[in-house]
Amino acid sequence: MTVSAEHIESAAKALKLDPDVLRRLTEPSQSRTVPVRLRLLGNEPIYVSTQESARDLERTDRAYDAVTAATAA
């Protein structure tokens, strides 16, 4: 499944990333082989270069979820 443009735009805004950069991360490359699934992208993976980067993104993704849930309550 491919990540929708809407998911890319909203995730990029939440993560403070350029949408084009995030779009490129949805495909693995020689240097980006570590998949990380983000709720912000509908649980679709992006590919990063290190496990540390993957953990950082997962933490940010969970924190955004928590803030969104608290704001909605």
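Biologist: Is D56 buried or exposed, and what does its side chain meet in a salt bridge?

Modeller: D56 counts as partly exposed at 36% relative accessibility, where buried means under 20% relative accessible area, exposed over 50% and partly exposed in between (1.4 Å probe, protein chains only). Its partner is R59, and the two side chains meet in a salt bridge at 2.3 Å, N to O, a term that requires a side-chain nitrogen of Lys or Arg within 4 Å of a carboxyl oxygen of Asp or Glu. This is a predicted model, in which local features need pLDDT of at least 70 and side-chain atom pairs count only at pLDDT 80 or more, while totals for chains, interfaces and linings use all residues. Residues are numbered from 1 along each chain as its sequence is written, and side-chain values use heavy atoms, with hydrogens and water left out.

Biologist: Where do R59 and D56 lie relative to each other?

Modeller: They are 3 residues apart in helix α3, and therefore separated by about one helical turn; helices (H or I, at least four residues) and strands (E, at least two) are DSSP runs, numbered from the N terminus.

Biologist: Which residues do salt bridges that share partners join into one network?

Modeller: That network consists of E9, D20 and R23. R23 meets E9 at 3.5 Å, N to O, and meets D20 at 2.8 Å, N to O.

Biologist: Which residues of α3 are buried?

Modeller: A54, L57 and D61 are the buried ones, and what covers them includes α1 (5-15), β1 (34-38) and β2 (44-48). On the other side of α3, E52, V67, A70 and T71 are exposed.

Notes. Contact means heavy atoms within 4.5 Å.
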